[in-house]
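Reader: I would like to talk through the charged side chains of this model with you. Could you show it to me, please?

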Amino acid sequence: MKRHGHLYPQITNFENLLLAARKAQKGKRYRDNVLEFNYNLESELLQIQQSLIDKTYQPGEYRTFYIKEPKTRMISAAPYRDRVVHHALCAIINPIFERTFITDSYANRIGYGTHRALKRFTHFLRSSPYVLQCDIEKYFPSIDHEILKSLICRKIKCPDTLWLINTIIDNSNPQFPAIHHFPDDDLLTPLGRKRGLPIGNLTSQFFANIYLNSLDHFIKETLKIKKYLRYVDDFALFADDREILVDARPALENHLAQIRLKIHPIKSQLFSTRQGANFVGFRVFQTHIRVRTANLRRGRRRLKQLQNDLAQGKITQEQVNQSLQSWQAHLNHGDTWQLQQQLFSSLAQSRH
């Protein structure tokens, strides 16, 4: 297995940092912290560059908030300068790992987003009678730092780059508790292992794909499941023979235990595809695709909030239109014509 060195000069290169700043500000350029950073852009980037070269770089404090979608998640927002560093790092190391990922691993990859995953899931569901759909229990809080670092070291040998990666991982803020015991653990073993990555970091999303890459290859190459895909920690195996999937589940559980993960005992189920399945906010059936009720409720609340913000002058009509176009593009991937007529016509009426 080839390991890559001499990466750090590419990461700390000023042009790479400048490009990272442009990526980090996407969709956020008019926020106060971004405007302040951009006002002294060259000076700020030179300071980051020098701190990386000197290895005096230290990540700042996370700002945390909670969302319900539908379960409560803690989202961690790193300071803007740290997000620039995350983009600079990922720009250089992403291609190294990207070529190791399977085709049907989705999310946090260019060209492998929600809608491409939905299309593939729909194809598998409509061409297979059975599906084993699984979810990792408390995935981001459960990611083991020592195991993650060892997986990264299999592809990267540049000591300076590993120092930066370890610095980012080691400075992860505390996540929701995820105490799991595995074979050969004693009572205190889980407490002695550092776990958890902050949801919201570009690096966390990237590392999350690296962490489950071995699972993808195990399912495709050892279990020989041809119809398989994963979206972050939600994955599905399809087969013509139900017994293949019955036998697959304990094999999956054993493999995941090696990287100290457990599948969710309730959300992970084997069932007939005729009854439909939930995936990335939709419910996919043999003949049609619907928006999930919970997602629709959130969408209605979002529309109401947009109306209120527009009326109070907090946002512009252009910003409202951008949000509506984005949501409409998402809805277009389901059979939602009548739903869209209902939603957007009511919005239009409320403007008058």
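Author: Happily! Let me start with one acidic residue: Asp82 has a relative accessible area of 2%, so Asp82 is buried (under 20% relative accessible area; exposed is over 50%, partly exposed in between, with a 1.4 Å probe and protein chains only). This is a predicted model, where local features need pLDDT of at least 70, side-chain atom pairs count only at pLDDT 80 or more, and totals for chains, interfaces and linings use all residues. Residues are numbered from 1 along each chain as its sequence is written, and side-chain values use heavy atoms, with hydrogens and water left out.

Reader: Which side chain does Asp82 meet in a salt bridge?

Author: A salt bridge here is a side-chain nitrogen of Lys or Arg within 4 Å of a carboxyl oxygen of Asp or Glu. For Asp82 the N to O distance is 3.7 Å. The partner is partly exposed, with a relative accessible area of 29%. That partner is Arg81.

Reader: How many salt bridges does a search of the whole structure find?

Author: The pair of Asp82 and Arg81 is a salt bridge. Searching the whole structure gives a total of 11.

Reader: How many residues apart are Arg260 and Asp144?

Author: Arg260 and Asp144 form a salt bridge, with their closest N and O atoms 4.0 Å apart. The pair links distant parts of the chain: Arg260 is in the loop between α11 and β7 (269-272), and Asp144 is in the loop between α7 (139-142) and α8 (145-153). Arg260 counts as buried because its relative accessibility is 11%, and Asp144 counts as buried at 1%. Along the chain, the separation is 116 residues.

Reader: Which helix holds both Glu253 and Arg249?

Author: Their side chains meet in a salt bridge at 3.2 Å, N to O. Glu253 is partly exposed at 34% relative accessible area, and Arg249 is partly exposed at 22%. The two residues lie 4 residues apart, about one turn of the helix, and that helix is α11.

Reader: Which residues do salt bridges with shared partners join into one network?

Author: Arg260 and Asp144, the pair we met above, form a salt bridge. Both belong to the network, whose members are Asp144, Glu146, Asp185, Arg193 and Arg260.

Reader: Is Asp247 buried or exposed?

Author: Asp247 is found in helix α11, which spans residues 242-258. Its relative accessibility is 53%, so Asp247 counts as exposed.
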